[in-house]
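Subject: A structure for you to look through

Hi there,

I am passing along the structure we talked about, and my notes follow below it. Please have a look at it first, then read on with the viewer open.

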Amino acid sequence: MMTDKQPPFLRCSEGPGFFHWPAAAFLLILLLIAGFASDTRILGLGLIAVLACLGSDAAGSFFLRQKYNWQDGQAVFHGLLLAICLPVSAPLWLPTVSGIFAIVCGKIIFGGRSLTFFHPVLLAVIFAGSCGWLGNEAAVLLDSAPVLWWAGGLILARLGAVRLAPALLFLFLDAGTAFICGKSFAAEGMNPVSLLTAFLFLSEPGFSPGAKQARVLYAVLAGICIGFAHVCTSSLARDFAVLLLLRAMVPLFDLLLSRKPILTRTFSTLSFYRAVKSHGT
Amino acid sequence: MVPQIERAKIPSAVYIPLVQAGGIRLTPCVQPGQTVCTGTLVAVAENEAGVFAHSSVTGVVREIAVFPHALYGEAPAIKIESQGEESLDLHIQKNSPFEWSYQQFTQIIRECGIVEMNGSGRPLHLRFSPHYDNYYHTLVINGVEAEPYVTADNALMVEKTVEIISGARALKQILQPYQITLAVGKDQMEILEVFNSKLFSLGEEVFKTRAVPLRYPQGNSGLLIEELFAAERAGKEEEFDAGVLVLDPATVLAVWEALRFNKPCYERVVTLTGECLAQPKNIWLRVGTTVEDALKSAKGLLRAPGQLILGNPLGGAALTQMQAPVVKEMKAIVALPPEHMRAGAAGDCIQCGRCVEACPAQINPALIGLAVEKERWDIAGSLWPEACVECGNCSYVCPSLRPMMDMVVSAKEKKWRK
């Protein structure tokens with residue numbers, strides 16, 4: 001006789017947008033400050049990037065016959081993050097094409113809904129860089145005030161959106177590596193790329209469900225790699241390429257850190273990813 | 001302070017279910033119209049795995065039919081209408097203590113209908129092999145009540161300290177374990193003090209009392225064994241764990257009453273609680289009392305609850321019918337307000353990893369859930385769902401409202417069936 005047991009609906013109050021909406025609000029504040037302080041064109045770039053991400057996400061869901069869920073805030077967050085990583089003088093087609101590329105390539109092709117092996121924005125920024133629009137001019141991100149990033153990061157951590165432990169570990173290793181190589185510890189701790197990585201990339205859900213230990217390993221490796229990268233000539237595209245590769249390796253870290261037999265785990269996880277790659281409603 | 005236990009009024013009618021945990025069926029041995037006393041045998045198990053069922057009131061058997069059931073939706077049950085006066089069955093009388101053989105003990109606990117009263121409802125005699133082989137080296141009385149809202153065991157431990165110690169002594173006499181440990185949570189030190197003082201006055205030196213960190217789900221037997229015997233079990237975990245018998249205080253008390261008084265298990269302490277109840281309390285309820293009658297004992301509901309949960313609020317069962325009867329394994333009835341609920345359609349997994357962090361069994365509920373959704377039972381089975389302790393943490397923390405625990409449990413059941 002099978003039970004007819006109904007599960008209790010006692011749940012914590014956080015919804016699926018627990019990270020993306022507060023992070024998007026923070027990025028919007030950054031964009032507004034940058035827009036009114038320097039050039040209002042930044043706001044236009046942001047709006048176009050958000051619309052491109054939302055539109056391509058909606059179109060992708062439509063063609064894949066999945067329920068479109070904009071309420072998780074992921075597309076809005078990615079649009080705003082993309083805008084902040086682009087230069088002020090970028091042509092208007094760049095956020096459009098990059099936004100579409102981010103969602104189509106990062107979210108739809110290389111992943112399922114909310115299961116992204118490559119971070120969509122990192123992919124899009126590298127795409128923009130390959131179009132020659134990165135590195136020539138400073139992105140909005142690089143001009144933003146580190147104090148704002150620290151304040152925003154700590155507020156997000158207080159709200160429960162950001163995990164402070166991997167963020168601080170990353171920043172310590174990043175600045176420590178740069179210090180060992182002869183750069184200033186404090187200056188590296190105030191680098192907007194490092195702060196963005198610490199507070200937003202490391203805490204964003206979506207790259208591996210079993211990522212507690214893997215996330216820490218990701219933070220350690222990313223800290224060391226970004227620290228080394230910043231000792232050399234600064235290049236946003238190269239920093240993001242390093243992060244993209246490390247992030248794609250998180251499922252592998254998950255395998256390596258498993259307490260179960262590695263071969264069994266590898267095969268079951270690989271077959272799992274093949275099976276659920278396009279999971280969704 | 002631990003709340004005290006009240007005694008509920010005898011209900012006008014009780015429904016004794018003819019199905020036990022695990023789907024074990026019972027055959028009624030009474031007829032409609034027959035008069036029964038409190039404690040009279042009314043149904044016997046169809047096979048050796050089941051325990052007997054007894055009337056929990058003095059009255060007349062009215063009907064044997066299908067009635068609502070908390071876990072099965074509907075199940076056959078015996079409806080007994082109370083006559084108001086209480087008279088105990090003649091079999092319930094004082095026995096000479098400490099004179100039972102192992103075989104007598106297993107027979108008594110089966111015939112008295114004793115199950116594990118911590119929520120599983122598994123017949124207790126199934127924990128013992130048919131032939132005595134000194135299987136259990138350690139007996140643990142699990143007084144760690146880490147579930148939110150629930151205080152039934154704590155209240156019982158304060159009110160029935162001597163009886164619980166006597167039950168443990170009887171079990172010690174029969175099972176001959178090398179050690180007996182009473183575990184309570186660290187914020188329940190008053191209970192530990194009560195036990196220590198009673199043990200001192202009784203001159204008991206075999207008992208050890210331990211306080212463990214009170215973090216949910218520390219009351220789970222596997223996790224409790226890990227916490228209590230970390231050093232002893234190092235390197236031989238499976239072998240050691242198999243020799244530890246973990247019983248909750250309510251079961252120990254029921255065992256004592258069965259051995260000492262031949263008293264069948266026809267009542268239990270239930271926590272009636274939740275923000276929607278007018279007067280939350282711990283109360284002795286007769287088995288078979290409807291949830292509606294039980295709630296009246298707590299002066300009813302102040303407002304409509306978002307959900308009524310039977311047992312542990314995180315891992316229990318949501319009640320759909322107020323006419324469902326209280327069963328032996330039901331430790332609490334929690335009336336939670338709508339603001340604590342987040343009902344809605346389950347969304348996609350956003351790979352946040354919160355379930356993995358919250359899982360005390362260190363499995364990956366997210367991956368198992370995704371595999372179960374795809375009906376890839378082979379993959380789900382390879383991710384160790386059998387380690388799940390069914391605490392419900394994963395479901396609670398999931399921001400996408402995915403029924404994580406249910407998916408893991410279904411993977412576990414599928415693997416066991418294979």
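Let me start with strand β10 of chain B. β10(B) and strand β11 (residues 179–185) of chain B pair in the parallel sense, and six bridges hold that pairing. Please keep in mind throughout that this is a predicted model. One bridge to look up is that of Ile141(B), whose partner in β11(B) is Leu182(B). β10(B) also pairs with strand β13 (residues 244–247) of chain B, again in parallel, through four bridges. There, Thr138(B) has Val244(B) as its bridge partner.

How buried is β10(B)? The strand covers residues 138–143, and six of its six residues are buried, so β10(B) is largely enclosed by the rest of the structure. In a regular strand, side chains alternate between the two faces of the sheet. You can follow this along β10(B): Thr138(B), Val140(B) and Asn142(B) point one way, while Leu139(B), Ile141(B) and Gly143(B) point the other way, and all are buried.

Gly143(B) turns up again in the surroundings of Gln188(B), a residue in the loop between β11 and α4 (189–202) of chain B. Is Gln188(B) buried or exposed? Its relative accessibility is 6%, and with buried meaning under 20%, Gln188(B) counts as buried. Setting aside neighbours within four places in sequence, Gln188(B) is in contact with Gly143(B), Val144(B), Glu145(B), Asn154(B) and Leu214(B).

Another strand of chain B worth a visit is β18, residues 332–336, where five of five residues are buried. Ala332(B), Val334(B) and Leu336(B) lie on one side of β18(B), with Ile333(B) and Ala335(B) on the other, and both faces are covered. What does β18(B) pair with? Strand β14 (residues 267–273) of chain B runs parallel to β18(B), with three bridges between the two. In that pairing, Thr271(B) is matched with Ala332(B). Strand β16 (residues 307–310) of chain B runs antiparallel to β18(B) and is joined to it by four bridges. Here Gln307(B) has Leu336(B) as its bridge partner.

Chain B also holds an open sheet of four strands, in the order β3-β4-β6-β7, with antiparallel pairing. Its edge strands are β3 (19–20) and β7 (53–54), each of which pairs on one side only. Two bridges link β7(B) to strand β6 (residues 41–45) of chain B in the antiparallel sense, and in one bridge Leu41(B) is partnered by His54(B) of β7(B).

Now for chain A. Its secondary structure comes to 14 helices and two strands. Chain A has 281 residues, and 53% of them count as buried. Among its contacts between residues at least 6 apart in sequence, 78% join residues at least 24 apart.

The helix I would open first is α3(A), residues 74–85. At 1.5 Å a residue, its twelve residues should span 16 Å, and the end C-alpha atoms are 16 Å apart, which agrees. Twelve of the twelve residues are buried, so α3(A) is largely enclosed by the rest of the structure. Among them are Gln74(A), Phe77(A), Leu81(A), Ile84(A) and Cys85(A).

Part of the surroundings of α3(A) is helix α2 (residues 41–63) of chain A, which packs against α3(A) at an angle of about 140°, with the axes 8 Å apart. The crossing is right-handed. From α2(A), the contact is made by Leu45(A), Gly46(A), Ala49(A), Val50(A), Cys53(A), Leu54(A) and Asp57(A); from α3(A), it is made by Ala75(A), Val76(A), His78(A), Gly79(A), Leu80(A), Leu82(A) and Ala83(A). These residues divide into ten nonpolar, three polar and one charged.

One last stop in chain A is Leu148(A), in helix α7 (residues 146–158). At 30% relative accessibility, Leu148(A) counts as partly exposed. Which residues does Leu148(A) touch, beyond those up to four places away in sequence? They are Phe26(A), Leu30(A) and Ile33(A). The C-alpha atoms of Leu148(A) and Ile29(A) are separated by 9.6 Å, although their positions lie 119 residues apart along the chain, counted as sequence separation.

Enjoy the tour, and write back with any questions.

Best wishes

Methods:
Residues are numbered from 1 along each chain as its sequence is written. Chains are lettered from A and ligands numbered from 1 in the order in which they are written. This is a predicted model: local features need pLDDT of at least 70, side-chain atom pairs count only at pLDDT 80 or more; totals for chains, interfaces and linings use all residues. Side-chain values use heavy atoms; hydrogens and water are left out. The expected span of a helix is 1.5 Å times one less than its number of residues. Buried means under 20% relative accessible area, exposed over 50%, partly exposed in between (1.4 Å probe, protein chains only). Two strands pair if DSSP finds at least two bridges between them. Axes are lines fitted to C-alpha atoms, for helices over the stretch in contact, and angles run from 0 to 180 degrees between N-to-C directions. A crossing is left-handed if the near helix is turned anticlockwise from the far one by less than a right angle, and right-handed if clockwise. Contact means heavy atoms within 4.5 Å. Ala, Val, Leu, Ile, Met, Phe, Trp, Tyr, Cys and Pro count as nonpolar, Asp, Glu, Lys and Arg as charged, and the others, Gly among them, as polar.
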